[in-house]
Amino acid sequence: MAGIVPDNQVMKGSRLWESANGSPFGYKHQKKGEHMYQTLGIAGCILLLVSNLNAQIVSYSFTGAVGNESSFSPDNQPAGAFASSFTRGSGVNGSSAADAFSSSAWSRGELALDDYFSFSLTPASGYQVSLTELQLDERRSGTGIRDWVARSSLDDFASNIGTVVSVPDSLATRTDQSISLASGTFDRIGGPVEFRIYGFNAESASGTWRVDNVELFGTLTPVPEVKSICWVAGGLLGFSIWRRRQC
Ligand SMILES: [Ca+2]
């Protein structure tokens, strides 16, 4: 109950809390404290769920590559999923590039369905993945591609993810090119998803295009455990409030 209580009546574990200077808080303050714990508990739960929303799941930095390998392994395998090697479509040829993955023979016109780089991610049984972003560095040769775009197996590579990216007539490397996957299409995926990155509008068949530091971001979670953690957190929170009310 509210009211002023002498300092000597305040005990640890009682309904009354001590402030830093030893003065007791009244009942209303305690209720506010309970709300604060409640809020913190819920916020903690939400934080637990969202804290890894933009974590890197897999990366391909092609360290040691000569560029024309038929496939190249990811840097690491994520816990709870399998990431494929990085490969290319049958319409393009491997091309030399140190510490990157490169191809020539890109379409000189519109997007060609066999002209792509590719990799896939498969959540382990009992895991699901929610993807937020695909990021990569890319560079063309003097007669390489002028446009690129990503697609995924979720719609059998039928539609572009976002808009086509125009590449300037430059030999510069464009780093951290970002494709948003936050539309909801890539939420809670329980099966394999393949990404293809199509280059097109090449200025010649011998022109090359390379990618490097390909990264996939999102959250990879064991489906039942996240719920369990929140139930346990909610249970502990409820128990804590119940205990305080009994004291
Ligand atoms: Ca590299």
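pLDDT is the predictor's confidence in each residue, from 0 to 100. The protein shown here is a predicted model, in which local features need pLDDT of at least 70, side-chain atom pairs count only at pLDDT 80 or more, and totals for chains, interfaces and linings use all residues. Residues are numbered from 1 along each chain as its sequence is written. The mean pLDDT of the protein is 82, with 69% of its residues at 70 or more.

**Low-confidence stretches**
- Residues 1-30 have pLDDT under 50 throughout, and the model gives them 26 contacts (C-beta atoms, placed from the backbone, within 7 Å) beyond four places in sequence.
- Residues 44-51 also have pLDDT below 50, with five contacts beyond near neighbours in sequence.
- Where pLDDT is low, the predicted coordinates should not be read in detail.

**Nonpolar core**
- The largest nonpolar core (buried Ala, Val, Leu, Ile, Met, Phe, Trp, Tyr and Cys residues joined through C-beta atoms within 7 Å) has 42 residues, of which Phe 101 and Ile 197 touch the most other members.
- Among the elements giving two or more residues to this core are strand 1 (55-60), strand 8 (127-140) and strand 12 (193-200); strands are DSSP runs of E, at least two residues, numbered from the N terminus.
- Strand 13 contributes the most, six residues.
- Beyond four places in sequence, Ile 197 contacts Tyr 116, Phe 117, Trp 148, Ala 150 and Val 211.

**Arg 210**
- Arg 210 is in strand 13.
- Arg 210 counts as buried (20 or more other C-beta atoms within 10 Å) because 26 lie within that distance.
- Its contacts beyond four places in sequence include Gly 67, Phe 101 and Glu 138.
- Ser 96 is 114 residues from Arg 210 in sequence, yet their C-alpha atoms are 9.1 Å apart.

Conventions: Two residues are in contact if their C-beta atoms, placed from the backbone, lie within 7 Å. A residue is buried if 20 or more other C-beta atoms lie within 10 Å of its own, exposed if 12 or fewer, and partly exposed in between; C-beta atoms are placed from the backbone. Helices (H or I, at least four residues) and strands (E, at least two) are DSSP runs, numbered from the N terminus.
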